[in-house]
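Biologist: I would like to go through this model one strand at a time. Please show it first.

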Amino acid sequence: MKNKLEFYYLMEPKSCPRPRVTKNGHSFMPKEYTEWKKRFIESTIIQLSEQTEKFQTIERPIKLSCQFIFPRPQRLQHREIPSKGLVHASKPDVDNCIKSIMDGLSDAQIFRDDNLVYEVRAKKSYCNRMDDGTFEYSHIKITLKWT
């Protein structure tokens, strides 16, 4: 079996928020994040079944590479703004986006625990403008490599 997995998610990247706490002291994650994470896990499991027949949870050191492509806000959709490679240097923070990915992969049992990840490369950018003037969809690309 090869020691590499690639995932592509046609969904907007989401950062991992802080848990909320009720008056009684119970903590919970916001509903919007919980629903996003559920869709992320389902998509991961479907893609994994397409890539490999017998997958065993990774229990070795892992390199994680993430690319987060966000939708362009209206202010960045003008012709004079570059059509490709526009860096996303605003909220959400890249470390919180990485955390949501690592939590989702761990919950989908891709790897046993996120402490196995020893190297992370991540990039945030806005979607590219296509030749016809429309924009590509927001999405997430993930590559996992292990020894």
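Biologist: In strand 6, which residue is the bridge partner of C66?

Modeller: This is a predicted model. Strand 6 spans residues 139-146, and strand 4 spans residues 62-70. The two pair in the antiparallel sense over eight bridges. In that pairing, C66 has as its bridge partner in strand 6 the residue I142.

Biologist: Which residue in strand 5 does Q67 stand opposite?

Modeller: Strand 5 covers residues 117-126 and pairs with strand 4 in the parallel sense, over nine bridges. Opposite Q67, strand 5 places K123.

Biologist: Is the β-α-β crossover from strand 4 to strand 5 right-handed or left-handed?

Modeller: The chain leaves strand 4 and passes through helix 2, residues 94-107, before it reaches strand 5. The handedness of this crossover is right-handed.

Biologist: In what order do the elements of the protein run from the N terminus on?

Modeller: The secondary structure comes to two helices and six strands. From the N terminus on, the order is β-β-β-α-β-α-β-β.

Biologist: What share of the residues counts as buried?

Modeller: The C-alpha atoms fill a box of roughly 50 × 50 × 25 Å along the principal axes. The protein exposes about 9600 Å², with carbon and sulfur atoms supplying 48% of that area. Buried is taken as under 20% relative accessible area. Of the 147 residues, the share that counts as buried is 37%.

Biologist: How far apart do the centres of the positive and negative side chains lie?

Modeller: The protein has 26 positive and 19 negative side chains. The distance between the centres of the two sets is 3 Å.

Technical notes
Residues numbered from 1 in each chain as written. Predicted model: local features only at pLDDT ≥ 70, side-chain atom pairs only at ≥ 80, totals over all residues. Heavy atoms only, no water. Pairing = 2+ DSSP bridges. Helix = DSSP H or I, 4+ residues; strand = E, 2+ residues; numbered from the N terminus. Right-handed = clockwise from strand over helix to strand, strands pointing away. Buried < 20%, exposed > 50% of the residue type's maximum accessible area, 1.4 Å probe, protein only. Areas by Shrake-Rupley, 256 points an atom, 1.4 Å probe, with all protein chains shown as cover. Lys, Arg positive; Asp, Glu negative; His and termini not counted. Charge placed at Lys NZ, Arg CZ, Asp CG, Glu CD.
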